[in-house]
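The exercises below concern secondary structure, packing and cysteines in one protein model. Work each task from the coordinates before reading its solution.

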Amino acid sequence: RGISNSGIIVKEASDFVRSCDAYPVIIPAMGSHGGATAEGQEEILKGYGITEKQSGAPVLSSMEVVELPPGESPVPVYMDRNAYECDGIIMINRIKVHTDFHGEYESGLVKMAVIGLGKERQASAVHRYGVYGLVTLMPMIARQVFASGKIIGGIALVENAFDNTMLIKSLRTDEIFD
């Protein structure tokens with residue numbers, strides 16, 4: 001949400017996926033935002049210019065999740081059903097400091113893998129623990145999400161002090177925590 005140049009970046013990523021003879025889809029990964037509804041999350045994307053017409057990739061918006069093995073997580077681990085049914089997931093998100101807490105992973109691809117792709121169910125499960133959930137549980141849950149093998153990489157975005165795109169870095173899944 002609110003990422004500079006997000007429409008262009010999503011279109012370029014979709015074009016790249018298509019150039020690899022694959023079929024891109026766009027899945028909103030916003031936890032409980034948009035009123036915790038599929039329609040609300042699709043509307044948020046539309047407000048940022050991310051649509052099927054603009055990107056050439058259909059938007060599959062749902063709040064339905066599948067439960068993944070929890071590993072060491074004391075809370076259930078969830079993933080958006082549409083994302084889980086894809087052959088691979090490339091996450092796109094801005095990396096920045098969080099406004100409400102400080103930890104090793106405040107905002108970005110780790111958070112998107114958990115709070116975003118886990119939809120309202122995962123957001124609620126983590127947020128119920130407050131800062132402990134975000135600082136301690138979120139990375140633990142992310143490791144389980146990555147262990148599913150569904151996420152093949154991410155595109156990390158960094159903005160400058162003027163909220164403009166400064167750096168775009170593609171990462172393999174094994175590089176995301178670094």
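Axes are lines fitted to C-alpha atoms, for helices over the stretch in contact, and angles run from 0 to 180 degrees between N-to-C directions. The model is predicted.

**Exercise 1. Determine how helix H5 is oriented against helix H6, and which residues make the contact.**

Step 1. Take residues 109-116 as H5 and residues 119-127 as H6; their axes come within 7 Å and cross at roughly 105°.

Step 2. Angles from 65 to 115 degrees count as roughly perpendicular. H5 is therefore roughly perpendicular to H6.

Step 3. On the H5 side the contact uses Val114, Ile115 and Gly116, and on the H6 side Lys119, Gln122, Ala123, Val126 and His127.

Step 4. Sorted by class, the residues of the contact of H5 with H6 are 4 nonpolar, 3 polar and 1 charged.

**Exercise 2. Repeat the analysis for H5 and helix H7.**

Step 1. H7 covers residues 130-147, and the axes of H5 and H7 come within 9 Å, crossing at roughly 80°.

Step 2. H5 and H7 are therefore roughly perpendicular to each other.

Step 3. H5 contributes Val110, Lys111, Ala113, Val114 and Ile115 to the contact, while H7 contributes Met138, Pro139, Ile141, Ala142, Val145 and Phe146.

Step 4. The residues of the contact of H5 with H7 are 10 nonpolar, no polar and 1 charged.

**Exercise 3. Classify the crossing of H6 and H7, and list the residues that meet.**

Step 1. The axes of H6 and H7 come within 8 Å, with a crossing angle of roughly 125°.

Step 2. Angles over 145 degrees count as roughly antiparallel and 65 to 115 as roughly perpendicular, with oblique for values that fit no named range. H6 is therefore oblique to H7.

Step 3. Gln122, Val126 and His127 of H6 meet Gly130, Gly133, Leu134 and Ile141 of H7.

Step 4. The contact of H6 with H7 is made of 3 nonpolar, 4 polar and no charged residues.

**Exercise 4. Establish the strand order of the sheet, the sense of each pairing, and the helix that lies across the strands.**

Step 1. The sheet is open, has 3 strands in the order S3-S4-S5, and its pairing is mixed.

Step 2. S3 (89-94) and S5 are the edge strands, each pairing on one side only. Direction ignored, neighbouring strands of the sheet are turned by 15° against each other on average.

Step 3. S3 and S4 pair in the parallel sense over 6 bridges. Met91 stands opposite Gly154 in S4.

Step 4. S4 (residues 151-159) and S5 (residues 165-172) pair in the antiparallel sense over 7 bridges. Glu159 stands opposite Thr165 in S5.

Step 5. S4 and S5 form a hairpin with 5 residues between them, and Asp163 in the turn has a positive phi of about 60°.

Step 6. H5 lies across S3, S4 and S5, and runs at about 115° to S3.

**Exercise 5. Identify the buried residues of helix H2 and the helix they pack against.**

Step 1. Within H2 (residues 38-47), Ala38, Gly40, Gln41 and Leu45 are buried.

Step 2. The buried residues of H2 pack against H6.

Step 3. Just after H2 comes Gly49, with a positive phi of about 80°.

**Exercise 6. Decide whether Ser55 is buried or exposed, and list its contacts.**

Step 1. Ser55 lies in helix H3, residues 52-55.

Step 2. Buried means under 20% relative accessible area. Ser55 has 1%, so Ser55 is buried.

Step 3. Leaving aside residues up to four places away in sequence, Ser55 touches Val10, Lys11, Ser14, Asp15, Arg18 and Ile26.

**Exercise 7. How many disulfides does the structure hold, and what are the surroundings of Cys20 and Cys86?**

Step 1. A disulfide requires two cysteine sulfur atoms within 2.5 Å. The structure holds 0 disulfides.

Step 2. For Cys20, the nearest cysteine sulfur is that of Cys86, 15 Å away, and Cys20 is in no disulfide. Cys86 is likewise in no disulfide, the sulfur of Cys20 being the nearest cysteine sulfur at 15 Å.

Step 3. Cys20, at 46% relative accessibility, counts as partly exposed. Cys86 has a relative accessible area of 17% and is buried.

Key: Residues numbered from 1 in each chain as written. Predicted model: local features only at pLDDT ≥ 70, side-chain atom pairs only at ≥ 80, totals over all residues. Heavy atoms only, no water. Buried < 20%, exposed > 50% of the residue type's maximum accessible area, 1.4 Å probe, protein only. Pairing = 2+ DSSP bridges. Helix = DSSP H or I, 4+ residues; strand = E, 2+ residues; numbered from the N terminus. Parallel < 35°, antiparallel > 145°, perpendicular 65-115°, else oblique. Contact = heavy atoms within 4.5 Å. Nonpolar A, V, L, I, M, F, W, Y, C, P; charged D, E, K, R; others polar.
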